[in-house]
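Q: I would like a close look at one part of this structure, with its surroundings described in turn. Please begin with a single residue and work outwards from there.
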Amino acid sequence: MAIRAIRELGEECLRKKCKEVTFITPRTHLLVKDMFDTMYRANGVGLAAPQVGILKRIVVIDCGEEPYVLINPVILETSGEQTGFEGCLSVPGKSGVVTRPQYVKAKAMNLRGESYILEGEGLLARAICHECDHLEGKVYVDLVEGRLYDNEELEELEELEEES
């Protein structure tokens, strides 16, 4: 198990467009394994290669149902809308309100180099969009409606809502 350093907002690699993966090699497999290990250790649901300093079009996602590897993902279709708080392992301790599609259909390759279609709603749709943005050098803070909140502030707001 290799945990890689998660790059944080302000680091140049998070603002660069990633290159397509042309060959899936043993190093690709190792990177994906390390990305899952890193994401799970940080309690995340998604991680893109630039977040560990690798400018390749690779994403891992696990929203609790099953883990997905997306190599060279392309969003084919979106519909609906969901607005909610979103965070990012590269922006620790912060959250902001972001509007994303409710449904997403994406095409990607798996680690065997096979093309497949992934469809998701809700959290999975949000994660697909969020991680694909990373591959384009975009970070969710660019989409935040209003301001970023400290996670401690959000806990206080939730407590106030529960009391009322």
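What is the relative accessible area of Tyr 40, and is this residue buried or partly exposed?

A: Tyr 40 is partly exposed, with a relative accessible area of 37%. This holds for a predicted model. The cut-offs make the assignment clear: a residue counts as buried under 20% and as exposed over 50%, so the value for Tyr 40 falls in between.

The aromatic contacts of this residue come next. The whole structure contains 2 aromatic pairs. In one of them, the rings of Phe 36 and Tyr 40 are stacked, with 5.8 Å from centre to centre and 25° between the planes. Both residues belong to helix H1 and are 4 residues apart, which is about one turn of the helix. An α-helix has 3.6 residues a turn, so residues three or four places apart point the same way. The two partners differ in their exposure: Phe 36 is buried at a relative accessible area of 12%, whereas Tyr 40 is partly exposed at 37%.

The other pair has another geometry. The ring centres of Phe 85 and Tyr 149 are 5.6 Å apart and the planes stand at 75°, so this pair is edge-to-face. It links distant parts of the chain, since Phe 85 is in strand E4 and Tyr 149 is in strand E8 (residues 149–150), 64 residues away. Phe 85 is partly exposed, with a relative accessible area of 44%.

The strands that carry this second pair are connected through strand E5. E4 and E5 are antiparallel and share 5 bridges; within this pairing, Thr 83 has Thr 99 of E5 as its bridge partner. E5 also pairs with E8, again antiparallel, over 2 bridges. Here Ser 95 stands opposite Tyr 149, the residue whose ring meets Phe 85. E5 is mostly covered, with 5 of its 7 residues buried.

Ser 90 is located in the loop that lies between strand E4 (82–86) and strand E5 (94–100). This serine is buried, with a relative accessible area of 1%. Its side chain makes a polar contact of 3.0 Å with the side chain of Gln 51. Leaving aside residues up to four places away in sequence, Ser 90 touches Gln 51 together with Ile 6, Arg 7, Glu 8, Leu 9 and Leu 14.

Returning to helix H1, Met 39 is another of its residues. Met 39 is buried, with a relative accessible area of 0%, in contrast to the partly exposed Tyr 40. Beyond residues up to four places away in sequence, Met 39 touches Gly 44, Val 45, Gly 46, Leu 47, Val 60, Ile 61, Asp 62 and Leu 89. The C-alpha atoms of Met 39 and Asp 62 are 8.9 Å apart, although 23 residues separate the two along the chain.

The setting of the helix is an open sheet of 5 strands in the order E1-E2-E3-E6-E7, paired in the antiparallel sense. Strand E1 (46–48) and strand E7 (115–121) form its edges, each pairing on one side only. On average, neighbouring strands of the sheet are turned by 40° against each other, direction ignored. Helix H1 (residues 26–41) packs on this sheet and touches E1, strand E2 (58–62) and strand E3 (67–79), its direction making about 40° with that of E2.

Towards the E7 edge, strand E6 (residues 103–109) is joined to E7 by 7 bridges, the two running antiparallel. In this stretch, Ala 106 stands opposite Leu 118 of E7.

A second helix also meets the sheet. Helix H2 (residues 123–135) lies across E1, E2, E3, E6 and E7 and runs at about 125° to E7. Its 13 residues span 19 Å from the first C-alpha to the last, close to the 18 Å expected at 1.5 Å a residue. H2 is mostly covered, as 12 of its 13 residues are buried; among them are Arg 126, Cys 129, His 130, Glu 131, Cys 132, Asp 133 and His 134. Just after H2, Gly 137 adopts a positive phi of about 80°.

Terms used:
Residues are numbered from 1 along each chain as its sequence is written. This is a predicted model: local features need pLDDT of at least 70, side-chain atom pairs count only at pLDDT 80 or more; totals for chains, interfaces and linings use all residues. Side-chain values use heavy atoms; hydrogens and water are left out. Two strands pair if DSSP finds at least two bridges between them. Axes are lines fitted to C-alpha atoms, for helices over the stretch in contact, and angles run from 0 to 180 degrees between N-to-C directions. Contact means heavy atoms within 4.5 Å. Buried means under 20% relative accessible area, exposed over 50%, partly exposed in between (1.4 Å probe, protein chains only). A polar contact is a pair of N or O atoms within 3.5 Å; within protein, one must be able to donate a hydrogen and the other to accept it, and residues adjacent in sequence count only if both atoms are side-chain atoms. The expected span of a helix is 1.5 Å times one less than its number of residues. Rings of Phe, Tyr and Trp (its six-membered ring) pair if their centres lie within 6.5 Å; planes under 30 degrees apart count as stacked, over 60 as edge-to-face and the rest as tilted.
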